[in-house]
Structure formats: structure tokens, C-alpha cells
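Good morning, everyone, and thank you for making time for this. Please look at the structure on the screen while I talk, and stop me whenever a term is unfamiliar.

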Amino acid sequence: MSNQNDQPLISVIVPVYNHEKFIGETIESVISQTYQNWELLVVDDYSTDKSWEIIQEFAKKDSRIKVFRNETNNGLIPNWKFLIDTSKGEYLAFLEGDDVFCEENLAEKIFIFEKFP
């Protein structure tokens with residue numbers, strides 16, 4: 001799927017479990033990308049902290065952010081599979097809920113993917 005500028009959509013996949021201290025910065029690092037044709041898919045794996053509340057606040061402000069919450073703790077692999085199956089992007093980028101992207105991360109990935117298909 002591409003936008004009107006014909007830039008490929010990148011699906012950024014973020015599984016979260018009790019990342020209250022970090023998840024805001026993680027999401028901000030995607031929002032501040034120089035490459036802006038992305039969707040951010042975040043699944044909260046039944047966190048017991050405030051991760052879910054923080055994730056929801058970001059989703060209210062940006063329609064590119066899609067959020068999901070498990071009713072039980074499922075673990076990393078099932079969450080990755082769910083998010084991959086749910087994604088709409090031409091490319092996938094994986095990010096952990098306690099990590100960040102530098103602002104050129106997605107632009108650099110697109111450059112490499114397009115140069116070496």
C-alpha cells in the first residue's frame with residue numbers, strides 16, 4: 001500500500017509488556033521519523049502497569065497508530081505473528097517497547113530496500 005507520493009508503507013511492529021517507563025519515548029521515536037509513510041501497530045500483552053493507558057493516549061492523537069490489547073499474557077512470538085498478520089505495509093520494521101529508532105531509521109531502511117530489492 002502506498003500514499004499519493006508513491007512511497008511504500010512501512011508497518012512498525014511493537015509488542016509491549018510493562019514498558020510504562022519507555023513506551024512513550026518509543027512511540028515518539030516513530031512519530032518523529034523523517035520518513036512519514038508508516039503505520040505503527042502496538043499490542044499490549046496484558047501489562048500490569050500503565051503501558052496500555054499511555055499507548056491509548058498516543059493512538060488518540062495519530063490515526064497511523066493502531067493499538068491492541070490482549071486479555072491474557074501471550075508472549076512475544078504470538079504477538080509478533082498477530083501484528084504481522086494485521087499489518088498493511090509493504091515493509092515491516094520491528095521495534096521493542098523499550099527501545100527507540102533514530103529519526104532516519106525508516107528512511108535508511110527504505111533506501112536500502114529500494115536499492116537492493
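Let me begin with a small question: which residue in β4 does V12 stand opposite? It is A93 that V12 faces there. Before we build on that, please keep in mind that what you see is a predicted model.

Let me step back to the whole chain. Its secondary structure comes to four helices and four strands, and if you follow the chain from the N terminus, the elements run β-α-β-α-β-α-β-α. The radius of gyration is 14 Å, close to the 13 Å that the globule rule gives for 117 residues, so the chain is as compact as a globular protein of that length. Along its principal axes, the C-alpha trace spans about 40 × 25 × 20 Å. Of the 117 residues, 40% are buried. If we take the contacts with a separation of 6 or more, 80% of them are accounted for by residues 24 or more positions apart.

Now to the sheet. The four strands form an open sheet in the order β3-β2-β1-β4, and the pairing is parallel. Its edge strands are β3 and β4, each of which pairs on one side only. From one strand to the next, the twist averages 20°. On this sheet packs helix α4, residues 105-115, which touches β1, β2 and β4 and whose direction makes about 140° with that of β4. Helix α2, for its part, lies across β1, β2 and β3, and runs at about 155° to β3.

I would like to spend most of our time on strand β1, which covers residues 10-16. How many of its seven residues are buried? Seven of the seven are, so to speak, under cover: the strand is mostly covered, and every one of those seven counts as buried. In a regular strand, the side chains alternate between the two faces of the sheet. In β1, I10, V12, V14 and V16 point one way while S11, I13 and P15 point the other way, and all of them are buried. Compare this with β4, where Y91 and A93 point to one face and are buried, whereas L92 and F94 point to the other face and are not.

What are the partners of β1? With strand β2, residues 38-44, it pairs in the parallel sense over seven bridges; within β2, V14 has V42 as its bridge partner, and V16 has D44. With strand β4, residues 91-94, β1 is joined by four bridges, and these two strands also run parallel. There, the bridge partner of I10 is Y91.

Between β1 and β2 in this account comes helix α1, residues 23-31, and together β1, α1 and β2 make a right-handed β-α-β unit. The buried residues of α1 are I23, G24, T26, I27, S29 and V30, and what covers them includes β1, β2, α2 and β3.

That brings us to the core. In soluble globular proteins, nonpolar side chains tend to be buried together. Here the largest nonpolar core has 21 residues, and those with the most contacts inside it are I10, V12, V14, L40 and L106. Two or more residues are given to this core by each of β1, α1, β2, α2, β4 and α4, and its largest share, four residues, comes from β1. To take V14 as an example, and leaving aside residues up to four places away in sequence, its contacts include I23 and T26, L40 to V43 as L40, L41, V42 and V43, and also L83, L95, E96 and G97.

Finally, two loop residues deserve a look. N18 sits in the loop between β1 and α1, and its phi is near 55°, a positive value in a residue other than glycine. Is N18 buried or partly exposed? Its relative accessibility is 28%, and because buried means under 20% and exposed over 50%, N18 counts as partly exposed. In the loop between β2 and α2 we find Y46, which has a positive phi of about 60° although it is not a glycine. With 39% relative accessibility, Y46 too counts as partly exposed.

That is where I will stop, and I am glad to take your questions.

Definitions and conventions
Residues numbered from 1 in each chain as written. Predicted model: local features only at pLDDT ≥ 70, side-chain atom pairs only at ≥ 80, totals over all residues. Heavy atoms only, no water. Buried < 20%, exposed > 50% of the residue type's maximum accessible area, 1.4 Å probe, protein only. Pairing = 2+ DSSP bridges. Right-handed = clockwise from strand over helix to strand, strands pointing away. Contact = heavy atoms within 4.5 Å. Axes fitted to C-alpha atoms, helices over the stretch in contact; angles between N-to-C directions. Core = buried A, V, L, I, M, F, W, Y, C linked by side-chain atoms within 4.5 Å. Rg over C-alpha atoms; globule rule 2.2 N^0.38 Å.
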